[in-house]
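Biologist: Hello! I would love a close look at one part of this complex, with some context around it. Could you walk me through it at an easy pace?

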Amino acid sequence: MITGNLKTSYGADEQVLDNRWKRLFLFSAVLGLGGIAGFGNDYIILIACQMGIMVIAVTGVNVVIGYTGLMSLGHAGFVAIGAYATVIFHNAAGGIIPDGVLTLVAIPFAVAVAALAGIVVGLPSLRVKGLYLAVATLSANFIILFLIEESFSAPWTGGMNGINTPTPNLLGWALDTRREQFILIAALAVLALLGAQNLFRTRVGRAFIAIRDRDYSAEILGISLYRTKLTSFAISAAYCGLAGALFAYFYARILPEQFELQLSLMLVAAIIVGGMGRMMGPVFGVIIIVMVPEAIKVSFGALAGGGAELAMIRAPLQEIAFGALIVGFLLFEPFGITQIMDRALRALNRWPFARG
Amino acid sequence: MGQLLQFTINGLMAGAIYALIAVGIVSVFKATRVVNFAHGYLIMFGAYFYFTFAVLVPQAAWAPDWLASWQPGWMMDMREGLPMFSPLAAVLDWLANVPRILLGLAGALLCNAALGLVIERTLMRPLMGQSVFAMIMLTVGLISILSGSAQLIWTSDAEFVPSLAPNTPIRFALFGQTIFLFGADLANMVIALLIFAGIVLMVRYTKSGIAIRATAEDQSTAYSMGISVPKVFSRAWVLASTTGAVAGAILATRNGISPALGLFGFSVLAIVLMGGLDSYLGVFLAAMIVGVLEALTQWQLGGEWAGIVPYVAVLVVILIRPHGLFGAKEIERI
Amino acid sequence: MLAVQDLYLSFGGIKALQGVSFAAQPGQITAIIGPNGAGKTSLFNAISGFYRPDNGKVIFDGQDITALRPDKRAELGIARTFQNIALFRGMSVLDNIKLGAHTRLKAGVFDALRYFGRAQAEELELRADIEQRVIEFLEIDHIRKAPVSALPYGLQKRVELGRALAMRPRLLMLDEPVAGMNREETEDMARFILDVQEEFGTTILLVEHDMHLVMDICTHVVVLNFGAQIASGPPETVRMDAAVIEAYLGAAA
């Protein structure tokens, strides 16, 4: 239990992991990731990879929706851009750049392209607020997919049929198993989360929150709404671009239909479930949003051994589950799982003297 | 030239249906300040309800024969000796369908109204007074719920649904050009325009319309003036879901029924923002403009390009006129 | 320091400002008073850049800033508080105040993502500076970690003043700094305002209804009525002015 504020320097007071439960949580999380990489079976690795990729993308969505208060329903478009930029870069620069370096260049390239796209898509945010922006980003998602599918870009993107993706190679280390890829994904996901956490300890992130909470008040403090909103969009799109790049490496083939509105909704659902504007929100949210469909799949498998008819029911049930999660959390726990965790942590700190 | 005219007219007919869909989004926004992202999925339910009552129910074993196909004696007599594709034969075909069309429309209207009410009472009402952001997000969650539920409920492949009016080909000359239309399309346009006009008049002149407008201006003041704001909310949702039912029925006859119908809602959302959210006139014009642009794009560039016209249009309009063509710019009090 | 020249502003048919001109002297406290709806807050909004005047100029430090965006004006050293407290409700007191220093900080996106290094050095320096110049100064060290939404009204007003002070402004605009406060809180606030003027030499412009406060601490008073400027001068002169008395008490008085 915390008995007093015993900090002796401002530096100590500015720490993020300011109590031992948080430190314990972090250490066990890192240990857990190591454990998965070392001992997880194929199924666990598969699920963990999917979660890792999602966490990165949802962290990006969190920057724009949770922290800057700008609604976006088009972030799947940025994931698509990241994924396709990676593949196109590999195909175009394959002979020129040596294999071992290619991945190291392709990922930043994909991130940069996505960030640029984010700035373009974010432009309407300069003129309009919330809702208009949601529709503008939604439109952008449709347009991006259209551009990928259309016949003029088919030579590079494969059009509707999709395109095969390359194997990542880090300085000669070819990550050709999912276990190896998990190491890359987990490392980048942890870095991405740390980066976002840092962002909000400094002026850059504080300005985002200021705009969310009261935009005219932010302006009066010298925060340029234009620049800050575009920065937020660029960062958020960059995160999604990174997720897209990993997505492309992870799956053998990418198709435009994987990046449709459904994915955008999933990203939004994850952030609502996890807790908007909270650092661990994406992590908790993604765990739920990935596990619920898996649970439905597993329980269906147990019920009937997976007949074709049941498979027909499974997909819609999973869809309903997403929606129900969004609706349920908005109605009953609008601040998401992070809020529940906060309460638990408080109780833990006061134990055994008080509860709740 | 002849082609241009033809495609423009096709576009106007599509635009009228967009306007009919848009009216639901605008009405809910006016009353509740919530933009319903799931409106397209309400329409999809309308289409499926119409399919259920106009096709599935009449086909059922217990349904009377006249419901599936009404063939009174005088109609049989008139059919005698008619050539295959004569206009009269088309009208008679339609007449035979009238009972199930009416049943389908009635069923779709009632069921969709109930659906709208249930959504408003169970999901939107508890969030009343809280942030609009949460309410809008809730409609986003509704998208998945409605889309998944429709796939669970209507697993069978959708069949042909009877169109609302006789589908006779109509050929006439305009400015020396021959224009070719289908009767049903024309009727759909008339129905859509009539409903649109009716709602605009209702909101302008009737008591409940004025209640909606007062609530739009200022919820708490309206409440304190004795307007039952919750009632206004439910009315707006019922209005949206019933107009959506008609739109769904029309779309079902035009485009067939599939879960993809929900996507119409997004193009119309784009149109609504383009017109300016709370302006019926602006939204009507935007619907017509997008309808025509789409038809012309389809003519010049092909169907896939037509699909993104509303999205490109809304982005262009938002960048130039942030509050849409006719939207009111809110003066922010600081 | 700040000069407003012949300012006109209207919303549709409503004429909010009709030819207002005055100057705030460096290092002095200038008050703008007037009955409700006289256009005081509109004038503030025109000075801080939210409203674009139909006619007239706003000049700060010899520079015409009439066309500048609010954030650019803030960069020049204009800070303000709002009549209805405009704090960032989701943040702690400390973060609110740190935001005041936004324009003075330099960390870019890449510094921020790394944190350790430039951003951290800057943040720690800022923290020390704020602790001394703002938190200690305004006596709010006991609430620095509290979320602002949990604070009582008077303290919120003080935090908002703190946020403005963190900007190290050259012109501080206070919109009804003591509105809704009791005697004791008002006296505290008056003391803080005077301290700011003395210690930092800040030029202060305030809108206030509390005549005692205005008469006690201001050196210059501008009186508005229905958007028009009806008097201007030192407090002693203004309180005797016939037009001012009429505006406040009606023609009969």
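Biologist: To begin with, where in chain A does A:Met71 lie? Please take a close look there, and then lead me on to the rest.

Modeller: Happy to. Please keep in mind that this is a predicted model. A:Met71 sits in the loop that runs between helix 3 and helix 4 (75–93) of chain A. Although it belongs to a loop, A:Met71 counts as buried, because 24 C-beta neighbours lie inside 10 Å and the cut-off for a buried residue is 20 or more. For a sense of scale, take A:Trp351: it is 280 residues from A:Met71 in sequence, and the two C-alpha atoms are 39 Å apart in space.

Helix 3 of chain A, which borders that loop, spans residues 42–67 and is also part of the cover over helix 9 of chain A. Helix 9 covers residues 203–213, and 11 of its 11 residues are buried, so the rest of the structure largely encloses this helix. The buried set includes charged as well as nonpolar side chains: among them are A:Arg203, A:Arg206, A:Arg212 and A:Asp213, along with A:Val204, A:Phe208, A:Ile209 and A:Ile211. From chain A, the cover includes helix 8 (178–199), helix 10 (215–220) and helix 11 (225–250) besides helix 3. Chain C takes part too, through its own helix 3 and helix 4.

That brings us to the meeting of the two chains. Here 31 residues of chain C are in contact with 27 residues of chain A. On the chain C side, at least two residues each come from helix 2, helix 3 (93–100), helix 4 (109–114) and helix 5 (118–136). Helix 5 of chain C gives the largest share, 5 residues. Sorted by class, this side of chain C has 17 nonpolar, 5 polar and 9 charged residues.

Now for chain C itself. It has 10 helices and 10 strands, and 45% of its 253 residues count as buried. Its radius of gyration is 19 Å, which agrees with the value near 18 Å for a compact globule of 253 residues. Along the principal axes, the C-alpha atoms fill a box of roughly 65 × 40 × 30 Å. Of the contacts in chain C between residues at least 6 apart in sequence, 66% join residues at least 24 apart.

The domain assignment divides chain C into domain 1 (1–77 + 169–253) and domain 2 (91–167). The centres of these domains, taken over C-alpha atoms, are 27 Å apart. Where they touch, domain 1 contributes 11 residues and domain 2 contributes 9. On the domain 1 side, helix 2 (70–76) and helix 7 (183–200) of chain C are the elements that give two or more residues, and helix 7 has the largest share with 4. That side is made up of 8 nonpolar, 1 polar and 2 charged residues. Helix 2 of chain C therefore appears in both settings, at the contact with domain 2 and, with at least two residues, on the side that touches chain A.

How values were computed
Residues are numbered from 1 along each chain as its sequence is written. Chains are lettered from A and ligands numbered from 1 in the order in which they are written. This is a predicted model: local features need pLDDT of at least 70, side-chain atom pairs count only at pLDDT 80 or more; totals for chains, interfaces and linings use all residues. Domain bounds come from an automatic or database domain assignment. Two residues are in contact if their C-beta atoms, placed from the backbone, lie within 7 Å. A residue is buried if 20 or more other C-beta atoms lie within 10 Å of its own, exposed if 12 or fewer, and partly exposed in between; C-beta atoms are placed from the backbone. The radius of gyration is taken over C-alpha atoms; the globule rule is 2.2 Å times the number of residues to the power 0.38.
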